[in-house]
Amino acid sequence: MATNVKVDIAAEFVGRKAFNDAVKSTIGLNSQVKTLAKSYVGLFTVQRLGRAGFNAAKAFAADDKAARVLTQSLDNLGLAFADPSVKNFIADLEKQFGVLDDQLRPAFQRLLTTTGDVAKSQQLLRTALDLSAASGADVVSVAGDLSKAYVGQTRSLAKYGIGLTQAELKAMEFEEVQTRINDLFGGQAQISVDTYAGSLQRLSVAANNAKEIIGGGLLDALAALGGGGEGGLTNTLNLIEKTSTALATFVRRFGVGVGQLAALARGDLKAFRAIGEAEMNRGRDMSGITPAIRAELTKAAAEKAAAKNRTALLKTTKEQTKAIKEQTALTKAGTLFDIQQTQIIAALKGDISAEERKRLELQLAILTGNTSEASKLAGELAKSQGLSQQLAAYLASLPDAKNPFTAWKSYLDMIEAQVRRISTASPAPVTSMASGYGVTGTQYSLPNGSTQTSAAGVEFTVNVNAGSIIAQEGLQDVLRDTLLDASLSAKFAAIYRQGGSFGLPQ
Amino acid sequence: MPTEVKGADKLRKALKQYEPDLAKATTKELGNLLKPIAAKARGYMPAESPLSGWAERADGKGKFPTYNPTIAKRGITYKTSPSRPNYRGWRSLVSLLNKSAAGAIYETAGRKNPGGNFSPRLGGDPKGQGKMQGRGIFRAWNEDQGKTQGAVIKALEGAAAKFNAKTGRYN
């Protein structure tokens with residue numbers, strides 16, 4: 001950072017050059033001022049006046065067109081009666097706020113075509129002026145945004161910073177939004193007018209209006225030159241056209257004359273005649289074709305052109321049809337895509353394993369084009385697959401599981417040996433069971449509840465010493481009677497059965 | 001106030017063109033004369049910020065230059081090459097400078113308005129008068145009492161004399 005904090009120990013005065021520079025600068029400035037003065041003088045030359053007049057007429061024409069368009073819009077909406085009041089309203093706004101009617105009219109027209117109500121449009125135009133002054137946007141754009149908001153498209157209002165989110169804007173009624181705008185920006189247009197910039201704007205408006213007035217006067221003057229009235233301007237324009245044509249003809253023929261004179265001076269009569277004939281035949285048909293043939297040729301050319309147009313139209317139609325087919329196919333493909341998505345989403349909601357979930361999420365990411373998510377999921381899935389493979393390898397490497405029934409064999413063998421031992425052991429003398437009935441034989445000690453089956457062909461020999469028993473039936477009777485005696489406490493069923501009957505007494 | 005040396009710029013150009021060795025020697029001689037006073041002025045610059053709030057800090061975002069003693073000391077230097085003419089037409093030939101922003105503040109603070117909360121707390125001892133009053137280079141210059149200035153002028157005159165003696169071209 002350069003500072004001026006220094007001690008000058010030795011210095012030298014070199015001011016002469018600076019003075020020379022100053023002299024040169026003064027001379028240069030003087031020259032520039034003279035040039036500028038000449039330029040200003042040139043501004044008032046006829047040429048500049050003509051251009052200014054043309055610009056004024058152009059401005060007037062544009063203003064007149066805008067006014068007529070607005071009038072027509074009012075007429076179309078059935079509001080023609082309001083035309084004078086609208087004109088006054090716009091003129092007042094123009095004077096009050098320093099905004100050109102070139103902007104106010106289109107803005108008002110946009111609002112009018114949207115609302116269809118003059119009073120509402122006037123109200124909204126004032127709001128638009130305030131919002132325009134606050135935001136710096138031109139009033140036509142602001143009016144356009146308000147028009148959209150009026151029909152529900154409030155999105156464009158967010159850019160003006162009215163402190164409402166898109167959701168709030170959508171949820172609110174337009175009147176509420178307008179009230180908020182008026183609360184926030186009301187009076188901005190008037191304040192803007194009171195500033196220096198506003199004053200300059202009003203000056204500009206006045207200058208533009210002056211230009212339009214001058215332009216209107218100029219056009220009136222041209223109309224008066226042509227006789228005035230409705231066709232006055234047309235007459236003047238025709239006159240100008242005729243004059244221009246005549247002037248062009250004069251210039252051309254002057255050139256022809258000079259050319260002929262030059263040819264004459266050279267003694268070239270042939271060239272002299274050729275130049276004259278060319279001028280005489282200018283614009284004439286020298287091809288020798290009769291009108292009838294020309295008509296035929298014209299007709300043939302028209303038919304050829306029509307055929308060409310038909311071919312082009314056919315081609316365009318075919319291309320359009322093809323495009324529609326492609327579009328349809330794309331739409332169908334898009335539908336399939338949606339179905340796939342739906343299926344995947346439905347599957348994701350189900351009870352699935354983590355790996356299956358990853359697979360489905362990966363498919364969904366690929367379908368939706370979410371590349372980052374897809375690559376991430378693909379990595380995770382690969383990792384998961386790797387883990388599964390590791391688990392499978394681990395399981396494969398495990399030793400064979402032991403047979404849980406291995407020990408049973410020895411146990412069963414032990415039982416078998418025990419049975420064998422029992423079967424081969426010496427029988428103990430019968431002491432109780434068969435003594436009452438004279439049954440003799442070997443008494444077996446079997447486990448409680450077990451059933452002994454003589455699969456090995458062991459034979460039991462029962463010697464009955466009951467005297468009267470001579471057959472198996474007799475033994476059965478003895479046994480039954482004995483059991484009855486033991487437990488008989490007057491059971492009638494047994495008594496009856498003993499008596500040979502099987503039913504209860506009648 | 002600087003001493004006006006007429007024809008010094010021509011002498012410098014002539015030395016550079018015809019006697020480059022003498023030009024270098026003159027520059028070196030001037031440097032040797034100015035070094036002590038510059039060192040003295042550096043010594044007057046505080047080794048740390050005189051006000052704690054003026055010191056450099058990591059989160060400092062203000063535009064007001066903070067005081068870094070290294071930068072402030074490094075900013076005190078001298079110059080033996082001519083400057084561009086100022087608006088009055090004067091070209092400085094030899095000068096003593098306090099170039100850093102914080103150093104310049106320390107040098108001149110309180111010169112116009114001595115009161116307040118800032119300049120009285122800076123410490124130092126402003127010396128000199130008017131626009132030549134200050135705590136660094138102006139103080140050193142004031143305490144030098146014109147000895148260096150005289151030596152510089154003498155050196156320039158000596159260089160001119162040597163050049164004339166060698167070449168006889170410069171008058």
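Me: How far does helix H3 (residues 83-97) of chain A reach from its first C-alpha to its last?
Reply: This is a predicted model: local features need pLDDT of at least 70, side-chain atom pairs count only at pLDDT 80 or more, and totals for chains, interfaces and linings use all residues. H3(A) has 15 residues; helices (H or I, at least four residues) and strands (E, at least two) are DSSP runs, numbered from the N terminus. The expected span is 1.5 Å times one less than the number of residues. That gives 21 Å for H3(A), and the helix reaches close to it, at 21 Å.

Me: Around the axis of H3(A), what arc do the buried residues cover?
Reply: Residues are numbered from 1 along each chain as its sequence is written, with chains lettered from A and ligands numbered from 1 in the order written. A:Val86, A:Ile90, A:Leu93, A:Glu94 and A:Phe97 are buried (20 or more other C-beta atoms within 10 Å of the residue's own; exposed, 12 or fewer; partly exposed in between; C-beta atoms placed from the backbone). They sit on the same side of H3(A), because the directions from the helix axis to their C-beta atoms span an arc of only 100 degrees.

Me: Which residues are exposed on the other side of H3(A)?
Reply: An α-helix has 3.6 residues a turn, so residues three or four places apart point the same way. Opposite the buried side of H3(A), the exposed ones are A:Pro84, A:Asn88 and A:Asp92.

Me: Which element gives the most to the side of chain B that touches chain A?
Reply: The contact (C-beta atoms, placed from the backbone, within 7 Å) takes 14 residues from chain A and 31 from chain B. On chain B, E1 (3-4), H1 (8-18), E3 (90-98), H4 (101-108), H5 (137-144) and H6 (147-167) each supply at least two. With 9 residues, the top contributor is E3(B).

Me: In E1(B), what is the bridge partner of A:Ala10?
Reply: Strand E1 (residues 6-13) of chain A runs parallel to E1(B), with 2 bridges joining them; strands pair if DSSP finds at least two bridges between them. A:Ala11 stands opposite B:Glu4. The partner of A:Ala10 is B:Thr3.

Me: Which strands stand at the edges of the sheet?
Reply: The sheet is open, mixed in pairing, and has 4 strands in the order E1(B)-E1(A)-E3(B)-E2(B). Each edge strand has a single partner, so one side of each lacks a neighbour in the sheet. The edges are E1 and E2 (76-79) of chain B.

How values were computed. Contact = placed C-beta atoms within 7 Å.
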